[in-house]
Amino acid sequence: MGKTIRFGVSLDSDLLEKFDKLCDERSYQTRSEAIRDLIRNMLVQKEWEDLDGETAGTLTMVYDHHQSDLAQKLTELQHDYLDIIVTSQHVHLDHHNCMEILVLRGTGERLRDLGAKLTATKGVKHGTLNLTTTGKNLE
């Protein structure tokens with residue numbers, strides 16, 4: 001980890017007031033910690049843009065398990081991506097609805113591709129791909 005550098009930031013007073021309110025709502029102890037998080041988030045976002053870079057994430061889907069052959073289709077798609085699926089969890093939400101959560105690690109391109117295919121499968125009610133970083137380039 002590098003040495004700490006102090007720098008000044010000029011902001012409009014209305015913007016600073018909104019930022020301070022957000023810091024309070026998110027329980028940041030200082031503005032500096034909030035700004036560090038914003039910078040990290042931007043760096044992670046930049047990593048996602050690199051389709052060849054290593055990325056991690058979760059894919060969450062909700063679907064009706066009574067829909068004909070849906071579970072089988074989802075399983076077959078997942079078998080095409082075994083190289084990026086670290087683990088999965090299946091949760092019964094109610095009599096009809098299931099939630100499946102996949103933990104993923106691989107290139108951004110592969111994660112996005114799997115996410116698009118699974119969430120676009122007929123019968124998936126909702127799906128969200130949340131990408132993050134493996135943390136290698138963050139300190």
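**Fold, core and selected residues of a predicted model**

S27 lies in the loop that runs between α1 (13-25) and α2. The model described here is predicted. S27 is not a glycine, yet its phi is positive, at about 65 degrees. Most residues other than glycine have a negative phi. S27 is exposed, its relative accessible area being 59%. A second non-glycine residue with a positive phi is D69, for which the angle is about 60 degrees. D69 is also placed in a loop, in this case between β1 and α3.

The secondary structure of the chain consists of 4 helices and 4 strands. Followed along the sequence, these elements are arranged in the pattern α-α-β-α-β-β-α-β. The chain is more spread out than a compact globule, because its radius of gyration is 20 Å, well over the 14 Å given by the globule rule for 139 residues. The C-alpha trace spans about 60 × 35 × 20 Å along its principal axes. Of the 139 residues, 27% count as buried. The accessible surface of the chain amounts to about 9,800 Å², and carbon and sulfur atoms account for 51% of this surface. Among contacts between residues at least 6 apart in sequence, 68% join residues that are at least 24 apart. The charged side chains comprise 17 positive and 23 negative ones, and the centres of the two sets lie 4 Å apart.

The interior of the model was examined next. The largest nonpolar core contains 17 residues, of which L74, I85, L102, L104, L114 and L118 touch the most other members. At least two residues of this core are supplied by each of β1 (54-64), α3 (70-79), β3 (97-107), α4 (108-119) and β4 (124-133). In soluble globular proteins, nonpolar side chains tend to be buried together. The surroundings of L118 illustrate contacts made by one core member: apart from residues up to four places away in sequence, L118 touches L59, M61, L74, L77, Q78, L102 and V124. Two of these partners, L74 and L102, are themselves listed with L118 among the residues that touch the most other core members.

L111 is located in helix α4. With a relative accessible area of 0%, L111 is buried. Its contacts, not counting residues up to four places away in sequence, are with T55, A56, G57, I84, L104, R105, G106, L129 and L131. One of these partners, L104, belongs to the group of core residues that touch the most other members. By contrast with these contacts, the C-alpha atoms of L111 and R36 are 27 Å apart in space, the two residues being separated by 75 positions in sequence.

The strands provide further examples of contacts between residues distant in sequence. I101 lies in strand β3. At a relative accessibility of 21%, I101 counts as partly exposed, since residues are classed as buried under 20%. When neighbours within four places in sequence are left aside, I101 is in contact with L59, T60, T87, S88 and Q89. For one of these partners, T60, the C-alpha atom is separated from that of I101 by 4.5 Å, although the two residues are 41 apart along the chain.

S88, a contact partner of I101, is found in strand β2 (residues 85-92). S88 is partly exposed, with 42% relative accessible area. Beyond its neighbours within four places in sequence, S88 makes contact with E100, I101 and L102. The C-alpha atoms of S88 and T58 lie 9.4 Å apart in space, and the residues are 30 positions apart in sequence.

In the N-terminal helical part of the pattern, E33 was considered. E33 is placed in helix α2 (residues 31-49). Its relative accessible area of 28% makes E33 partly exposed. Not counting residues up to four places away in sequence, E33 touches Y28 and R40. E33 and C23 are 10 residues apart along the chain, and their C-alpha atoms are separated by 9.0 Å.

Conventions: Residues are numbered from 1 along each chain as its sequence is written. This is a predicted model: local features need pLDDT of at least 70, side-chain atom pairs count only at pLDDT 80 or more; totals for chains, interfaces and linings use all residues. Side-chain values use heavy atoms; hydrogens and water are left out. A nonpolar core is a set of buried Ala, Val, Leu, Ile, Met, Phe, Trp, Tyr and Cys residues joined through side-chain atoms within 4.5 Å. Buried means under 20% relative accessible area, exposed over 50%, partly exposed in between (1.4 Å probe, protein chains only). Contact means heavy atoms within 4.5 Å. The radius of gyration is taken over C-alpha atoms; the globule rule is 2.2 Å times the number of residues to the power 0.38. Accessible areas come from the Shrake-Rupley method with a 1.4 Å probe; for residues, only the protein chains shown count as cover. Lys and Arg count as positive and Asp and Glu as negative; His and the chain ends are not counted. The place of a charge is taken as NZ of Lys, CZ of Arg, CG of Asp or CD of Glu.
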